[in-house]
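Q: Please take a close look at one part of this chain, and describe how its residues are covered and which partners they meet. Where it helps, follow the links outward from there to the rest of the chain.

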Amino acid sequence: MTVEGLLIEREDEIGLISSALDGEGRLVLFDGPLGIGRSALLAAAAESARVRGVPALRAMGAPAERHIPFGVLWQLLDRAAVTRNAAVREDLPHDLDDAALVRVAAPLLAFAGDGPLLLLVDDLHWADTPSLRWLTALTAAPVPVVVAATCRETEPEVPELAPLLARSARRRTLAPLSVDGVRRAIVGRFGAADDGFVRACHQASRGRPLFLTAMLREHGQERDALESRPAVIGERALFALGGQPSPVWRAAMAAALFDDPPGGRFLAELAGLEQAEGEAALGTLVALGVLTGTAEPEFAHPSIGVAVRSVLTADELTAGHLRAARLLAAEGSSPGAIARHLLAADVAPDEWVAGVLHAAGLEAFERGESERAIRCLRRALLGAGADRAVVLADLAAAERSSAPVAAIRHLSQALPGFGSSRRRAEVLATAPPMLLGVAPRSLTGALTELAAELGDPAAVGIAEGEPALAVQTRSRCAGLTDPVCLADSADRLRVLGAETPLDTPARRDQAAVLLYAATLRGTTGARLSTMDTVDTVLPLAARVLHAGPADLLSAVPLAARSLVAADSAAEAVDWLAPLAARARARSGPGAAETLVAEAELSFALAKACRYGEAAKLAEGALTRCDPELTPVVSRCFETLVVVAMDTQKAFSEGYPAGEHLPVWTRELVRGVSAIGSAEAVTALEHLLECGRELDRMGWANPAVLPWRSWVSVLYHQLGRVDPSHELIAEEHTRALEWGAPSAVGRALRVWGSVTEGAAGLDLFRRAVDVLEGSAATVELAKAQLALGARLRGTDPAEAAMRLRRGAMLAESCGVAGLAPQDGHAEPARTVRAELTRAELRIARLVVAGLANQRIADDLGVSLRAVEKHLTKVYRKLGVPGRAGLVEAAERLERLERLEH
């Protein structure tokens, strides 16, 4: 903003100077607080004088130059370009009488010629004593000189200033801008002004032109301007404070320790002043315009407090904040008010400090201020003694949402500090089930031991809030990767009757964990007929989800996983979507609740054939998630795997599977990535390792992860018929036991694709029959396409109908262009059939660089036998000769590992 912008509503003051030049006064003084525009007014007076042809000279008083005799006079002489002799300056007596002082101005009068002369002096209160005496004599003498100056009466008294002030009959205290004045300033800069923004600017700037222009210059016509901290405001405040005595400085520094400075006795005591001395210093700060009042003072602009704090050393800040904390504690202030100063003090907390910070952290947590709670509790932990375990547990509760990995770690560290089983149970009952995937062994071990110690809660009855059931449930949740615990949990689902009340969070968590255990195993524990398992799980899962308020970090979302595995993904989406939106709005996109909800929702969307939404949600969660938060990261990778396999698209390599992930997830991702790169041997190696890990954990349900289907197809591509059929037959059996149409239909379709002739055709038809009417639309599309492709040679009409229906179904799910998989496609050219041991041995020797005759000699066989074996190797590997075989060396190594 230009200087003109600082002169809005200053027309009367400029007229006052003009009238003085017309002979209506010799001295004009302007007063007002910091930022009110005094200096800008003098600049405008100089311009006004120039227009009238009146010469104007300007000087400035400064605290650092008060000791320079006639400093203001010499500034004016310099402005007039009067040549000065150094000896004259040194010889000029300090005790000249008034007449002599007036004669000193002769060079200036000569500079003005016959007309009047305007002398402008900024900060007259800081002028040196000889210059003040000279100006007093000059304004009393009959010479054509007008003096316009700015002055603050609040400055330390200078005896020589009083006569000059008394002589000024024309004096004005500058007023702040009105709302209309602020509007004019904004319109002058931007051409338009919003009413709300104008009022907000008026309030934030307090109508002081300097504050307003600095705010608008930094941020323009934006709301950010209201929160800005322009450095120029702080610099001007420090300049204004520069000449103040020690009590005023100490009061300013004490006030700067607060966002809302205290007044009266407290500020005086904090500054180390007597009450009367403190009140006087506070009054001076208000008169300067640094503070706005004495009863409830605050800095005229936040930049001033920032600037004052910036000149304090670290030791001064620490000492000041500690003193403030002790004084607030003595007055009975809240822990939160005291903690603000303890957090700002760079000092190791003692027992008292730790206790206050602990209490402040709990206060903040109850108010929902988790970030402040975490900050207080983490500092309290540094000084916690006997209460260390309690502080750790409270810190874990505060970190639950924003730092879940740290929360679980701190909960684990807290446990040894609690002696009684009941107290440990109360603490462990707060562990979020959906985050137990990151729990260290010490925590899962403690859950197991305590669950055994407490016994079966159902045997004694559980009252609402009783932690025993919560501990038992969390122990089972942490044991979902243990086949023994998994089997026991699935068996217990049978005794959880359909009418069992789900009236407490602990009971809902228990039901969700037992349901998910049965889902992972693919059975409720009994030998059931087809479809009975799903029919048992579905109603109970729906009850769990809708039985009460949902905590997304509880075990309840596991019931949504069961719904997804039971072909009710749409219902799971309907439950998860509003919760995910609510979590994001309340806690933010990076909160644990949001990440868990979005990870679960992404998987449900993928299973509901909404692949674009699913991938976008999973990829977004991965970018925001701590890589160590494996429950979320693993679930997102599962989503991306489902999307890649269902849509026949390459797996995204933008999110590599890190070492924090479970082994099965890491191997799954690497295997599916290899499928997308047409590296069948590599894919087979990783997916077999994934399957072995899942079998070790007891996760047998193909509706959870159909790895056997994928491996069966890879075996078929590699020409290994027997293991291909064995795996898909086993998957079909397990799918029947679970009973979800999608799992059964997928197994039948894949089985058909690896089976020749009428048997394969029959399997495709059975797959279509099972999937018709189910929610597995893409799986049905694949079955229809495979059946149509197989029928091309025998029944072209039905083939065309099947292919058309399959294409329409695929297109309805946004995956148009699915390739039919009927088992007759050309196998991948990585390996057409497995190599025999003799072939592998000869191939290794060729890769090592041995000639055919040397190989024959070393193996004790004929050259003809070596050449015959090599011909078979070249054909099976699809390579042209020895050079191609060398390039395939890495694949040969992997084949050999598979053999063993």
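A: A residue counts as buried here when its relative accessible area is under 20%, as exposed when that area is over 50%, and as partly exposed in between. The model is a predicted one, and by this cut-off helix H31, residues 557–565, is mostly covered, with 9 of its 9 residues buried. The buried residues of H31 are Pro557, Leu558, Ala559, Ala560, Arg561, Ser562, Leu563, Val564 and Ala565, and the helix is followed by Asp567, which has a positive phi near 65°. As a background to this, the chain of 900 residues has 54% of them buried, and its secondary structure consists of 48 helices and 5 strands.

Among the buried residues of H31, Arg561 deserves attention, since it leads to other helices. Arg561 is linked with Glu600, Arg635 and Glu638 in a network of salt bridges. Of these partners, Glu600 belongs to helix H33, while Arg635 and Glu638 belong to helix H35, and these three residues are also among those that make the contact between H33 and H35. The network of salt bridges therefore includes residues from both sides of a helix contact, a salt bridge being a side-chain nitrogen of Lys or Arg within 4 Å of a carboxyl oxygen of Asp or Glu.

That helix contact can be described further. H33, residues 592–607, and H35, residues 630–647, pack with their axes 9 Å apart and at an angle of about 20°. Because an angle under 35 degrees counts as roughly parallel, H33 and H35 are roughly parallel to each other, and H33 passes H35 in a left-handed crossing. On the side of H33 the contact is made by Leu595, Val596, Ala599, Glu600, Ser602, Phe603, Ala606 and Lys607, and on the side of H35 by Val632, Arg635, Cys636, Glu638, Thr639, Val642 and Val643. By class, the residues of this contact divide into 9 nonpolar, 2 polar and 4 charged. An α-helix has 3.6 residues a turn, so residues three or four places apart point the same way.

H33 has a further charged partner in the helix before it. Arg584 forms a salt bridge with Glu598, and their closest N and O atoms are 3.2 Å apart. Arg584 lies in helix H32, residues 569–587, and Glu598 lies in H33, so this pair ties together parts that are 14 residues apart in sequence. The two ends of the pair are covered to unlike degrees: Arg584, at 38% relative accessibility, counts as partly exposed, whereas Glu598, at 4%, counts as buried.

Elsewhere in the chain, other charged pairs can be set beside these, the structure holding 42 salt bridges. One of them joins the side chains of Arg474 and Asp509, at 3.8 Å from N to O. This pair links distant parts of the chain, with Arg474 in helix H27, residues 467–478, and Asp509 in helix H29, residues 505–521, 35 residues apart, and both Arg474 and Asp509 are buried. H29 also packs against helix H28, residues 483–493, at an angle of about 115° and with the axes 8 Å apart, and H28 passes H29 in a left-handed crossing. In that contact Leu486, Ala487, Ser489, Ala490, Asp491, Arg492 and Leu493 of H28 meet Leu514, Leu515, Ala517, Ala518, Leu520 and Arg521 of H29, which by class gives 9 nonpolar, 1 polar and 3 charged residues.

Another pair lies further along, where Glu772 forms a salt bridge with Arg805, their closest N and O atoms being 3.1 Å apart. Glu772 sits in the loop between helix H41 (757–771) and helix H42 (777–791), and Arg805 in helix H43, residues 796–812, so that the pair links distant parts of the chain that are 33 residues apart. Here both ends are partly exposed, Glu772 at 34% relative accessibility and Arg805 at 33%. H43 also holds Ala810, which counts as buried at 0% relative accessibility. Leaving aside residues up to four places away in sequence, Ala810 touches Ala781, Val815, Ala816 and Leu818, and its C-alpha atom is separated by 5.8 Å from that of Val778, 32 residues apart along the chain.

Definitions and conventions. Residues numbered from 1 in each chain as written. Predicted model: local features only at pLDDT ≥ 70, side-chain atom pairs only at ≥ 80, totals over all residues. Heavy atoms only, no water. Axes fitted to C-alpha atoms, helices over the stretch in contact; angles between N-to-C directions. Helix = DSSP H or I, 4+ residues; strand = E, 2+ residues; numbered from the N terminus. Parallel < 35°, antiparallel > 145°, perpendicular 65-115°, else oblique. Left-handed = near helix turned anticlockwise from the far one by under 90°. Contact = heavy atoms within 4.5 Å. Nonpolar A, V, L, I, M, F, W, Y, C, P; charged D, E, K, R; others polar. Buried < 20%, exposed > 50% of the residue type's maximum accessible area, 1.4 Å probe, protein only.
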